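Work through the exercises below with the sequence and the model open side by side. Try each task before reading its solution.

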Amino acid sequence: MTAPSSSGRLDGRVAVVTGAARGIGEAIAARLATEGAFVYLADIDGDVATEAAARLVQSGVKAAGIRTDITSDASIADLRERIEADHGHLDILVNNAAILDATPLRDLTRERYDLVQQVNQNGALWATMGLLDLLKAGGRGRVVNIASIQGVRAAPDTLAYATAKGGVVNMTRALAVDLAADGILVNCICPGFVDTRMALLPDGSGHEHDTDWFKDIYIKYGRIPLKRAAQPEDIAAATLFFCGDDCRYVTGQYLLVDGGVSSTF
Ligand SMILES: NC(=O)c1ccc[n+]([C@@H]2O[C@H](COP(=O)([O-])OP(=O)(O)OC[C@H]3O[C@@H](n4cnc5c(N)ncnc54)[C@H](O)[C@@H]3O)[C@@H](O)[C@H]2O)c1
């Protein structure tokens with residue numbers, strides 16, 4: 001995939017991407033930084049986020065890594081303090097951090113279910129709430145929630161994950177309504193199959209996209225009309241629209257970035 005050149009459309013913006021140490025979050029951070037934003041890569045895996053940010057800085061863009069646990073109010077407060085000290089406001093928040101869950105229904109415990117909701121749904125809400133005054137201060141706030149195709153469809157063994165992601169989709173609408181008066185637009189991206197570590201099989205036997213069943217059903221027989229899994233950069237490209245000035249009359253929406261898989265059956 002060839003690297004996109006900068007349009008400078010985010011020059012002067014300040015952005016936070018949660019879960020940006022790797023995968024989709026890292027690709028979004030790279031794209032926003034390439035377009036001119038100063039990007040904080042906020043991740044519970046602080047060392048890896050810092051290394052990812054250092055690679056971006058080395059490539060000539062503006063970024064910083066910071067350890068942030070989106071389930072901790074204190075950790076979000078630390079992130080807020082750092083942004084306020086450095087910039088005084090925030091323009092873009094991408095709520096991307098999440099954990100995978102593929103627990104079969106019969107094995108699902110209350111503890112596991114609650115943890116998945118806490119990270120995947122509540123984490124996006126409380127990160128937004130914790131940074132809200134900085135988003136308001138900027139006067140042109142954009143919040144993008146990274147949900148999943150599983151927020152609007154269901155698959156076997158995904159009740160906890162799919163319920164949280166469905167919550168994120170409707171939370172996007174509720175936040176969009178409540179924050180419109182502050183000039184903050186809130187939208188949501190629902191990726192389909194994406195080539196990241198989240199696509200590793202839970203039993204450790206390899207990558208979901210390398211299995212015969214995936215190659216047959218989704219590629220050979222065309223359940224994914226575009227006949228490939230997404231790369232993280234595909235998700236980043238769609239996210240960029242919701243982060244900038246081209247998105248000016250769209251709020252409360254979700255966009256499926258799934259190669260067409262949700263259009264087949
Ligand atoms: N990969 C896919 O196929 C796929 C499909 C649909 C949606 N998504 C969504 O895209 C987003 C990114 O997924 P990915 O595939 O890049 O996953 P990933 O596991 O590669 O990255 C997730 C990142 O989130 C971080 N994280 C986890 N818990 C955190 C916490 N409490 N606080 C801060 N950071 C935390 C992890 O350290 C990791 O760096 C997630 O919201 C995921 O649900 C992924």
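The exercises that follow concern a predicted model.

**Exercise 1. The ligand shell**

Task: Find which residues come nearest to the ligand, and describe the shell by residue class and by helix.

Solution:
- Step 1. Collect the shell. There are 27 residues around the ligand, and R22, D43, N96, Y161 and T196 come nearest.
- Step 2. Sort the shell by class. It divides into 14 nonpolar, eight polar and five charged residues.
- Step 3. Look at the helices. Both α1 (23–34) and α5 (159–179) supply at least two residues of the shell.

**Exercise 2. Polar contacts and cover of the ligand**

Task: Locate polar atoms of R22, I44 and V194 that face N or O atoms of the ligand, then state how much of the ligand the protein covers.

Solution:
- Step 1. Start with a side chain. R22 places a polar side-chain atom 2.7 Å from an oxygen atom of the ligand.
- Step 2. Turn to the backbone. A polar backbone atom of I44 lies 3.2 Å from a nitrogen atom of the ligand. At V194, a backbone N or O atom is 3.0 Å from a ligand oxygen atom.
- Step 3. Add the cover. On its own the ligand has 830 Å² of accessible area, and the protein covers 94% of this.

**Exercise 3. Two strand residues**

Task: Decide whether N187 and V143 are buried or exposed, and list their contacts beyond four places in sequence.

Solution:
- Step 1. Place N187. This residue is in strand β6 (residues 185–191).
- Step 2. Apply the cut-off. The relative accessible area of N187 is 0%, and buried means under 20%, so N187 is buried.
- Step 3. Check the side chain of N187. One of its polar atoms lies 3.2 Å from the backbone nitrogen of G252.
- Step 4. List contacts. Beyond four places in sequence, N187 is in contact with several residues, among them V143, T172, F242 and G252.
- Step 5. Repeat for V143. It lies in strand β5 (residues 142–146). Its relative accessibility is 0%, so V143 is buried as well.
- Step 6. List the contacts of V143. Outside its neighbours up to four places away, V143 touches L93, N95, T128, L135, I184, L185, V186 and N187.
- Step 7. Take one of these partners, T128. V143 and T128 are 15 residues apart along the chain, with 7.9 Å between their C-alpha atoms.

**Exercise 4. Salt bridges**

Task: How many salt bridges does the whole structure hold, and which parts of the chain do the R55 and D182 pairs link?

Solution:
- Step 1. Recall the principle. Side chains of opposite charge can pair when their charged atoms come close.
- Step 2. Count. The whole structure has 12 salt bridges.
- Step 3. Take R55 and E26. Their side chains form a salt bridge at 2.9 Å, N to O. This pair links distant parts of the chain: R55 is in helix α2 (residues 46–58), E26 is in helix α1, and 29 residues separate them.
- Step 4. Check exposure. R55 is partly exposed at 46% relative accessibility. E26 is also partly exposed, at 22%.
- Step 5. Take D182 and K136. The closest N and O atoms of this salt bridge are 3.9 Å apart. D182 sits in the loop between α5 and β6, K136 in helix α4 (residues 110–138), 46 residues apart.
- Step 6. Check exposure again. D182 is partly exposed at 29%, and K136 is partly exposed at 39%.
- Step 7. Add D234 and R228. Their side chains meet in a salt bridge at 2.8 Å, N to O. R228 is partly exposed, with a relative accessible area of 41%.
- Step 8. Look for shared partners. Salt bridges join R9, R31 and E35 into one network.

**Exercise 5. Loop residues**

Task: Describe the setting of D246, then examine phi at D157 and K227.

Solution:
- Step 1. Place D246. It is in the loop between α7 (232–243) and β7 (254–257).
- Step 2. Apply the cut-off. Exposed means over 50%, and D246 has a relative accessible area of 58%, so D246 is exposed.
- Step 3. Find its contacts. Beyond four places in sequence, D246 is in contact with R9 and F241. D246 and R9 are 237 residues apart in sequence, yet 9.2 Å apart C-alpha to C-alpha.
- Step 4. Turn to D157, in the loop between β5 and α5. D157 is not a glycine, but its phi is positive, about 65°. It is partly exposed at 38% relative accessibility.
- Step 5. Finish with K227, in the loop between α6 (212–220) and α7. K227 is not a glycine and has a positive phi of about 60°. It is partly exposed at 44% relative accessibility.

Definitions and conventions. Residues are numbered from 1 along each chain as its sequence is written. This is a predicted model: local features need pLDDT of at least 70, side-chain atom pairs count only at pLDDT 80 or more; totals for chains, interfaces and linings use all residues. Side-chain values use heavy atoms; hydrogens and water are left out. A residue is near a molecule or strand if one of its heavy atoms lies within 4 Å of it. A polar contact is a pair of N or O atoms within 3.5 Å; within protein, one must be able to donate a hydrogen and the other to accept it, and residues adjacent in sequence count only if both atoms are side-chain atoms. Accessible areas come from the Shrake-Rupley method with a 1.4 Å probe; for residues, only the protein chains shown count as cover. Helices (H or I, at least four residues) and strands (E, at least two) are DSSP runs, numbered from the N terminus. Ala, Val, Leu, Ile, Met, Phe, Trp, Tyr, Cys and Pro count as nonpolar, Asp, Glu, Lys and Arg as charged, and the others, Gly among them, as polar. Buried means under 20% relative accessible area, exposed over 50%, partly exposed in between (1.4 Å probe, protein chains only). Contact means heavy atoms within 4.5 Å. A salt bridge is a side-chain nitrogen of Lys or Arg within 4 Å of a carboxyl oxygen of Asp or Glu.
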